[in-house]
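Biologist: I'm new to this one and would like a close look at a single part: the empty space inside. Please start with the smaller details and then show me what lies around them.

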Amino acid sequence: MKLRVSAVQYHLHTIGSFEQFAGQVTSYVRTAEEFESDFVLFPELFTTQLMSIGRGDGSGEALKIGELPQYTRQYKELFQGLARETGMHLIGGTHIIEENGRLYNTAFLFYPDGRIAEQRKLHITPWEVKGWNMAAGDSLQVFDTDKGRIAILVCYDMEFPEIVRMARARGADVIFCPSCTDDRHAFHRVRYTCHARTIENQIYVVATGTVGSLPTVDFMRGNFGQAAIITPNDVPFPPGGLMTAGEINDDMIITGDLDLALLYEVREKGSVTTWRDRRTDLYPDWK
């Protein structure tokens, strides 16, 4: 089974209306459609761009994070419609939702048939807690698609090997990682651990991040991002385990083909067989 994936380096800049946001999103989706992609990945927290619209009172003041969920319906309708029109699976980055008075940083998968699935971020960074009082999700989801089984783990989640082990144990062959990092240190923490997770679990990881700046939105003034399609580091794959990557901090989209048969091959008879050689007599099997 082969699948084509695209990842968007989403350019954050101040906008004046939801229609501007929708136009930017649609442009990226149409580009991926021209490449006949099966999956399109947007970054974490890219919908914070909607906060820059403000309140429409002429003050120029951005919305606060607790007000962002007011756009949830429009966000879902936009992505649901584009998934249906294009026949692609759209991973709509993450969007902040509210439930029972708590805020959750939530990734959404929009299926071509109109279904919507979600994965809440499981590990919350200190600044998300301190700055935004964000709550953590409490369960890992894996998603069946007509192109294979996938999981979505958000940014900081990739720095915890146990959760990726669980996703692989439940049959996920591809992990999509929407990310948002504000400097080189944060970016490389996520990037290096994505590479580690592909080696440990013999899976693909598709990652991307935000670029640009939202000068009026707290905690979103700095962004350092690059999209990448990351593979296990073995003979059938590119040296260094990097299929393709974008230009750092540029507004762009990358595309590549994932061959799931190669994963099954290296798990069985690769130079190393890290998934098969787990010592579950010494440490837990995360099934």
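By class, how many nonpolar, polar and charged residues are in the lining of the second largest cavity?

Modeller: The lining of that cavity has 5 nonpolar, no polar and 3 charged residues. Ala, Val, Leu, Ile, Met, Phe, Trp, Tyr, Cys and Pro go down as nonpolar, Asp, Glu, Lys and Arg as charged, and the others, Gly among them, as polar. Before going on, keep in mind that this is a predicted model, where local features need pLDDT of at least 70 and side-chain atom pairs count only at pLDDT 80 or more, while totals for chains, interfaces and linings use all residues. Residues are numbered from 1 along each chain as its sequence is written, and side-chain values use heavy atoms, with hydrogens and water left out.

Back to that cavity. About 30 Å³ of space lies in it, and its lining is made by R165, A169, W275, R278, Y283, P284, D285 and W286. Here is what the words mean. On a 1 Å grid over the protein atoms alone, a cavity is a set of points where a 1.4 Å probe fits but cannot get out; a pocket is an open set with protein on both sides within 12 Å along at least five of seven lines; and lining residues have an atom within 4 Å of a point. The points are joined across faces, edges and corners, and the volume is the space filled by probe spheres set on them.

One of those lining residues, R165, leads us to helix 4, which covers residues 161–169. (Helices are DSSP runs of H or I with at least four residues, strands are runs of E with at least two, and both are numbered from the N terminus.) In helix 4, I163, V164, R165, M166, A167 and R168 are buried, where buried means under 20% relative accessible area, exposed over 50% and partly exposed in between, using a 1.4 Å probe and protein chains only. Their cover includes strand 8 (148–152), strand 9 (174–178), helix 5 and helix 6 (260–269). After helix 4 comes G171, with a positive phi near 100°.

Now for the other spaces. The structure holds 2 cavities of 30 Å³ or more, and the largest has a volume of about 90 Å³. It is lined by 13 residues, and S179, F187, V190, A207 and Q226 are the closest to its centre. Helix 5 and strand 10 (204–208) each give two or more residues to this lining, with the largest share, 4 residues, coming from helix 5. By class, this lining has 6 nonpolar, 6 polar and 1 charged residues.

Helix 5 turns up again at the largest pocket. Helix 5 (184–201) and helix 3 (126–132) each supply at least two residues of that pocket's lining. There are 18 lining residues, and T125, W127, C180, A186 and R189 lie nearest the centre. The space in this pocket comes to about 260 Å³, and the lining splits into 9 nonpolar, 3 polar and 6 charged residues.

What about the packed parts? The largest nonpolar core has 46 residues, and those with the most contacts inside it are I175, F176, V205 and V206. A nonpolar core is a set of buried Ala, Val, Leu, Ile, Met, Phe, Trp, Tyr and Cys residues joined through side-chain atoms within 4.5 Å. A second, separate core has 45 residues, including V29, F42, L68 and I97. Leaving out residues up to four places away in sequence, V206 touches V5, A7, L41, V174, I175, F176, C177, A228, I229 and L258; contact here means heavy atoms within 4.5 Å.

F42, from the second core, also belongs to one of the 23 aromatic pairs. The ring centres of F42 and F79 are 5.2 Å apart and the planes stand at 90°, so this pair is edge-to-face. Phe, Tyr and Trp rings (the six-membered one for Trp) pair if their centres lie within 6.5 Å, and planes under 30 degrees apart count as stacked, over 60 as edge-to-face and the rest as tilted. F42 sits in the loop between strand 2 (39–41) and helix 2 (72–86), while F79 is in helix 2, 37 residues apart along the chain. Both F42 and F79 are buried.
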